[in-house]
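Subject: Handing over a structure

Dear colleague,

I am passing the structure below on to you, together with some notes on what was found in it. Please look at the structure first and then read the notes beside it.

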Amino acid sequence: MNTTAEITNMCPVAKGAYHGPAPIPEEGKWVQAKEIKDISGFTHGIGWCAPQQGTCKLTLNVKDGIIEEALVETIGCSGMTHSAAMASEILIGKTLLEALNTDLVCDAINTAMRELFLQIVYGRTQSAFSEGGLLVGASLEDLGKGLRSQVGTMFATKEKGPRYLEMTEGYCSRMALNADNEIIGYEFISLGKMMDFIKAGMDANEALEKAKGHYGQWDNAAKYIDPRKD
């Protein structure tokens with residue numbers, strides 16, 4: 001290594017004791033992380049694109065510096081869904097450092113990767129104090145039956161009020177209103193369950209009815225409306 005003349009002519013001074021980096025919590029252990037292979041953890045993070053048109057929720061399960069599991073969920077941009085498909089192939093098997101310096105196709109996914117990197121290397125993961133961490137495949141538990149993302153979609157205007165379109169339970173097919181036209185409940189279709197019924201051989205109309213449910217004061221409504229038509 002080349003140095004300036006001033007540095008070359010200086011006398012050396014001993015640095016003293018070396019204590020290493022501060023330990024971080026990782027899967028029930030305290031780890032002095034010096035290399036990427038020292039990093040493990042399971043966590044979630046979100047990212048957004050420059051025009052803030054859409055967002056990504058990224059979930060990673062990292063073992064010994066390698067991304068063993070990735071769940072990529074996006075909303076708000078049609079192109080982002082295709083980017084998520086590519087990112088799911090790109091991420092797995094890479095080290096955290098490789099993934100941080102790889103183009104993950106979409107700004108929102110890249111930003112989510114950056115945010116996760118910070119969480120993981122600073123020991124702020126969801127599994128920081130879970131001995132042994134979480135099994136590969138743990139992110140699927142967040143999706144529930146039918147393996148669908150938890151999505152809420154609502155639309156409202158000052159003139160006509162709110163419309164429930166999608167809840168975590170599923171596709172909102174009808175809204176229940178009282179005599180004052182206030183929302184008191186909604187009907188939903190669990191699309192994951194419906195598709196499971198259909199794949200098992202059930203008639204589509206029967207599967208549709210069986211996958212329906214409702215929430216709130218459904219039976220006490222003065223009227224019911226279709227949020228997409230009425």
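The notes below take up one helix, two pockets and some salt bridges.

Please bear in mind that this is a predicted model, in which local features need pLDDT of at least 70 and side-chain atom pairs count only at pLDDT 80 or more, while totals for chains, interfaces and linings use all residues. Residues are numbered from 1 along each chain as its sequence is written, and side-chain values use heavy atoms, with hydrogens and water left out.

Helix 4

Helices (H or I, at least four residues) and strands (E, at least two) are DSSP runs, numbered from the N terminus. Helix 4, residues 107-121, has 15 residues and reaches 21 Å from its first C-alpha to its last, which is close to the 21 Å expected at 1.5 Å a residue, where the expected span is 1.5 Å times one less than the number of residues. The buried residues of this helix are Ala108, Ile109, Thr111, Ala112, Met113, Leu116, Phe117 and Ile120; buried means under 20% relative accessible area, exposed over 50%, and partly exposed in between (1.4 Å probe, protein chains only). The buried residues of helix 4 pack against strand 1, strand 3, strand 4, strand 5, helix 2 and helix 3, with contact taken as heavy atoms within 4.5 Å. After helix 4 comes Gly123, which has a positive phi, near 75°.

Helix 4 also has a charged pair in view: Arg114 and Glu115 meet through their side chains in a salt bridge (2.8 Å, N to O), that is, a side-chain nitrogen of Lys or Arg within 4 Å of a carboxyl oxygen of Asp or Glu. Glu115 is partly exposed at 25% relative accessible area, and Arg114 is likewise partly exposed, at 39%.

Other salt bridges

A search of the whole structure finds 8 salt bridges. One joins Glu187 and Arg174 through their side chains (3.0 Å, N to O), and this pair links distant parts of the chain, with Glu187 in strand 9 and Arg174 in strand 8, 13 residues apart. Glu187 is buried, with a relative accessible area of 7%, whereas Arg174 counts as partly exposed at 33%.

Another salt bridge is between Lys199 and Asp196, whose closest N and O atoms are 3.8 Å apart; both residues lie in helix 5, 3 residues apart, about one turn of the helix. An α-helix has 3.6 residues a turn, so residues three or four places apart point the same way. Lys199 is exposed at 65% relative accessibility, while Asp196 is partly exposed at 30%.

Pockets

The largest pocket has a volume of about 370 Å³, and of the 18 residues that line this pocket, Lys57, Val72, Glu73, Thr74 and Ser149 are the closest to its centre. Strand 5 gives the most to this lining, with 6 residues, and the lining of the largest pocket divides into 9 nonpolar, 6 polar and 3 charged residues.

The second largest pocket has a volume of about 240 Å³. Its lining has 17 residues, of which Leu143, Lys145, Arg148, Thr168 and Glu169 lie nearest the centre, and helix 5 gives the most to it, with 3 residues. A pocket, on a 1 Å grid over the protein atoms alone, is an open set of points where a 1.4 Å probe fits, with protein on both sides within 12 Å along at least five of seven lines, and lining residues have an atom within 4 Å of a point. Ala, Val, Leu, Ile, Met, Phe, Trp, Tyr, Cys and Pro count as nonpolar, Asp, Glu, Lys and Arg as charged, and the others as polar.

Definitions and conventions: Grid points are joined across faces, edges and corners, and a volume is the space filled by probe spheres set on the points.
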